[in-house]
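Subject: Structure handover

Hello,

Here is the structure I promised, with its sequence. My notes follow below it.

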Amino acid sequence: MIIDPIRKNTINLLVFGAVVLAGCSAEENDEGPEENAGETTEAVDSVSEAETEDWSVEVVAKNLDVPWSLNIQEDTYYMTNRGGGVIEVSGGETEGLSLNTSDAVANEGEGGLLGFVLAEDFADSSEGYAYYTYRKNDGALVNRVVAVERGDSQWNETEVLLDDIPGSRIHNGGRLEIGPDGYLYATAGDSDVPSLAQDEDSLAGSILRMTVNGEVPEDNPFEDSYVYSYGHRNPQGLAWNNDGQLYSSEHGPNAQDEINVIEPGTNYGWPEITGSEPAEGLEAPAIQSENTTWAPSGTAFFEDTLLVAGLRGESLYAFDEEAEEMTAVFGEEGRLRDVKVEDGDVYLLTNNTDGRGEPAENDDRLLKLTLDE
């Protein structure tokens, strides 16, 4: 179906009609088969050529090495490389800088250097925050949130803000964002131990909230706890609308991917419920993918529409909350890891070199999408 561009809230925006998505088999969903797993998975063929033509596309950077998280500061683009570095693009030039960490980054499975966000005063302080996976002395994979600072030719970890977030080869979560309240938020997966998502004393399977100094905010829902919400499987996207309401994307077990409206102290049900199952005391998602898959990762608001980067879905999706519809609005570029909106344009990170995609020439790329007049 061709989607019609219409104007909404004084800017160019697509409001999306229903799109029939091709089904996927009821296998382990997430991002797709692990590297060298000997398993193949069909992508969801959900974006027509006509829909893709609604956008003008510019390649901002190419030949990026497994980028994960995107930040934009003035005319410079900052991206994490899952192996442990920071990619910077400025003036058409791409530079890879090392990030010196207190423990070596474990680039294993879905782990590695994941979330990354610049401090609100980055232009003056050169500081930011990162989320990465590492191995403890006993061999266990765990994740941590750290403060980082850009030096003359490299980035350096300056302080560990939160440690011992349970990790695994899969389900590490990893998204970092600074909320409109000035606090630092992080998504933590269930570390492939579903029961941890229902344990209020565990950091796994949760959305975490802390000060930028790594302290527990006094108004967090649980006393002396970083846990802001729990019952999550593998959340990888955080975004706030213009009213300050938090939304999160989450990978489901057998399709049934979710978009959740996040309220403090709320239990989102995994693994007790999946999809739209009702249960007392457990919050169902705002929308879920039923028997198809988006494998949603990064999210961003374009005015009042939530955009979602899809990995196995290989599409950029838009959530029309009023119509309760999720629609693919851009594709044909393979796996998409992150999305940002800046000055009315949409920026996308492809993720075809992560071992689960089929890299094309010049992958991975940073794309700039402008909605055609």
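In which strand does Glu-127 lie? Glu-127 belongs to strand E9, residues 127-135. Please keep in mind that this is a predicted model.

**A charged patch**

Glu-127 is also part of a negative patch on the surface. Its other members are Glu-120, Asp-121, Asp-124 and Glu-149. Is Glu-127 buried, partly exposed or exposed? Its relative accessibility is 34%, so Glu-127 counts as partly exposed.

**Strands E9, E10 and E11**

Follow E9 onward and you reach its partner. E9 and E10 pair antiparallel, over nine bridges. Strand E10 covers residues 141-150. Eight of its ten residues are buried, so E10 is mostly covered. Five residues sit between E9 and E10 in their hairpin. There, Gly-139 has a positive phi near 95°.

E10 also pairs with strand E11, residues 155-166. That pairing is antiparallel too, with eight bridges. E10 and E11 make a hairpin with four residues between them.

One residue is a handy marker here: Val-146 in E10. Ala-130 stands opposite Val-146. Val-146 in turn stands opposite Val-160 in E11.

**Strands E4, E5 and E6**

Now turn to strand E5, residues 76-81. How many of its six residues are buried? Six of the six are. Both faces of E5 are covered. Thr-76, Tyr-78 and Thr-80 are buried on one side. Tyr-77, Met-79 and Asn-81 are buried on the other.

E5 has a pairing with strand E4, residues 67-73. The two run antiparallel and are joined by five bridges. Pro-67 has Asn-81 of E5 as its bridge partner. The hairpin of E4 and E5 has two residues between the strands. In that hairpin, Glu-74 takes a positive phi near 55°.

E5 also pairs with strand E6, residues 85-90. This pairing is antiparallel, over six bridges. Tyr-77 has Val-89 of E6 as its bridge partner. Three residues lie between the strands in the hairpin of E5 and E6. Gly-84 has a positive phi there, near 130°.

**Salt bridges**

How many salt bridges does the model hold? The count comes to 19.

Start with Arg-356 and Glu-31. Their closest N and O atoms are 3.6 Å apart, and the two form a salt bridge. Arg-356 sits in the loop between strand E25 (345-350) and strand E26 (366-371). Glu-31 sits in the loop between strand E2 (11-14) and helix H1 (49-52). The pair therefore ties together parts that are 325 residues apart in sequence.

Are these two residues buried or exposed? Arg-356 has a relative accessible area of 13%, so it is buried. Glu-31 is buried as well, with a relative accessible area of 1%. Both values fall under the 20% cut-off for buried.

Arg-356 and Glu-31 also belong to a network of salt bridges. Glu-110, Arg-335, Arg-337 and Asp-354 are linked in that network too.

Next, look at Lys-340. Its side chain meets that of Glu-177 in a salt bridge, at 3.5 Å from N to O. The pair links distant parts of the chain, 163 residues apart. Glu-177 is in strand E12 (residues 176-178) and Lys-340 is in strand E24 (residues 336-342). Glu-177 counts as buried because its relative accessibility is 13%. Lys-340 counts as buried at 16%.

Lys-340 forms a salt bridge with Asp-338 as well. The closest N and O atoms of that pair are 3.3 Å apart. Asp-338 has 1% relative accessibility, so Asp-338 counts as buried.

**A loop residue**

Finally, Tyr-226. Where is Tyr-226 found? Tyr-226 lies in the loop between strand E14 (206-210) and strand E15 (227-230). Its relative accessibility is 17%, so Tyr-226 counts as buried. Tyr-226 and Leu-203 are 23 residues apart in sequence. In space, their C-alpha atoms are 7.5 Å apart.

Best wishes

Key. Residues numbered from 1 in each chain as written. Predicted model: local features only at pLDDT ≥ 70, side-chain atom pairs only at ≥ 80, totals over all residues. Heavy atoms only, no water. Patch = residues over 30% accessible without salt bridge, like charges linked within 9 Å, V, L, I, M, F, W, Y side chains within 5 Å. Areas by Shrake-Rupley, 256 points an atom, 1.4 Å probe, with all protein chains shown as cover. Salt bridge = Lys/Arg side-chain N within 4 Å of Asp/Glu carboxyl O. Lys, Arg positive; Asp, Glu negative; His and termini not counted. Charge placed at Lys NZ, Arg CZ, Asp CG, Glu CD. Buried < 20%, exposed > 50% of the residue type's maximum accessible area, 1.4 Å probe, protein only. Pairing = 2+ DSSP bridges.
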